[in-house]
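Visitor: I would like to understand how the words used for a protein model are justified. Could you take me through the reasoning, step by step?

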Amino acid sequence: MAVGGDIVEITWNHPTLGTGVVYPKAAEDSTFDHGGFRGNDDANMIDGSGKTIRQLNRVRWSVETTCSWDMNSATEVEKFSALAGDPQEADWTFTHVNGVVKGGKGSPVGDIQGNGNAATFAIKISGGGKLKNIVGPTI
């Protein structure tokens with residue numbers, strides 16, 4: 001049985017900016033891209049004899065979701081902006097309601113904008129290598 005649902009917690013441990021936690025908004029979509037190598041999807045990747053030309057390129061891992069934002073006291077948007085602007089990457093964990101915990105070394109990428117009306121902000125965390133299962137099945 002497949003069990004979907006919420007990411008319940010995201011943590012980071014950065015060498016100079018310290019540690020922290022944010023809480024994703026309930027019932028929001030989340031996307032996990034484990035990274036690694038991908039085959040180029042180009043119909044023209046074939047030679048004159050009809051043999052496939054297989055092009056494999058590395059892509060980074062990423063996790064995307066929407067988190068709550070308490071601009072009064074927690075200042076999550078400011079913290080993520082600092083993490084995004086620092087040249088050193090943090091160690092991240094993503095805890096899912098089904099008990100799986102994934103992790104990787106990376107940083108926030110893309111825009112970091114707080115929604116003052118909804119008290120949320122969208123995040124994308126990305127890094128090199130592969131996103132790994134810390135708790136849960138391994139390959």
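Guide: Gladly, and please keep in mind that this is a predicted model. Let us begin with T120, which has its place in strand β10, the run of residues 120-127.

Visitor: What makes T120 buried rather than exposed?

Guide: The relative accessible area of T120 is 9%, and buried means under 20%, so T120 is called buried. Leaving aside its neighbours within four places in sequence, T120 is in contact with K25, T66, C67, S68, W69, Q113, G114 and N115.

Visitor: How do you know that β1 and β7 pair, and in which sense?

Guide: Two strands pair if at least two bridges are found between them, and strand β1 (residues 7-14) has six bridges to strand β7 (residues 90-96), in the antiparallel sense. As one example from these strands, T11 has T93 in β7 as its bridge partner.

Visitor: What joins β1 to β2, and through how many residues does the hairpin pass?

Guide: Strand β1 and strand β2 (residues 18-22) run antiparallel and are joined by five bridges, with I10 standing opposite V22 in β2. The hairpin that joins β1 to β2 passes through three residues.

Visitor: Which residues have the most contacts inside the largest nonpolar core?

Guide: That core has 18 residues, and those with the most contacts inside it are I10, F80, W92, F94 and F121. At least two residues of this core come from each of β1, β6 (61-68), α1 (76-85), β7 and β10. As a general remark, nonpolar side chains tend to be buried together in soluble globular proteins. Not counting residues up to four places away in sequence, F80 touches W12, V22, W92, P108, I112, F121, I123 and I125.

Visitor: Why can one say that the buried residues of α1 line one face of the helix?

Guide: The buried residues in α1 are E76, V77, F80 and L83. Seen down the axis of α1, these buried residues fall within an arc of 125°, so they line one face of the helix.

Visitor: How many aromatic pairs are there in the whole structure, and why is the pair of W12 and W92 called tilted?

Guide: A search of the whole structure finds six aromatic pairs. The rings of W12 and W92 lie 5.7 Å centre to centre with 45° between the planes; a pair needs centres within 6.5 Å, and an angle that is neither under 30 degrees nor over 60 counts as tilted, so the name fits. W12 lies in strand β1 and W92 in strand β7, so the pair ties together parts that are 80 residues apart in sequence.

Visitor: Why, then, is the pair of W92 and F94 called stacked?

Guide: Here the centres are 6.4 Å apart and the planes 10° apart; centres within 6.5 Å make a pair and planes under 30 degrees apart count as stacked, so this name also follows. W92 has a relative accessible area of 2% and F94 one of 1%, and under 20% means buried, so W92 is buried and so is F94. The two residues also belong to one aromatic cluster, formed by W12, W61, F80, W92, F94 and F121.

Visitor: What does the chain come to as a whole?

Guide: The secondary structure comes to one helix and eleven strands, and of the 139 residues of the chain, 31% count as buried.

Methods
Residues numbered from 1 in each chain as written. Predicted model: local features only at pLDDT ≥ 70, side-chain atom pairs only at ≥ 80, totals over all residues. Heavy atoms only, no water. Helix = DSSP H or I, 4+ residues; strand = E, 2+ residues; numbered from the N terminus. Buried < 20%, exposed > 50% of the residue type's maximum accessible area, 1.4 Å probe, protein only. Contact = heavy atoms within 4.5 Å. Core = buried A, V, L, I, M, F, W, Y, C linked by side-chain atoms within 4.5 Å. Arc of directions from axis to C-beta.
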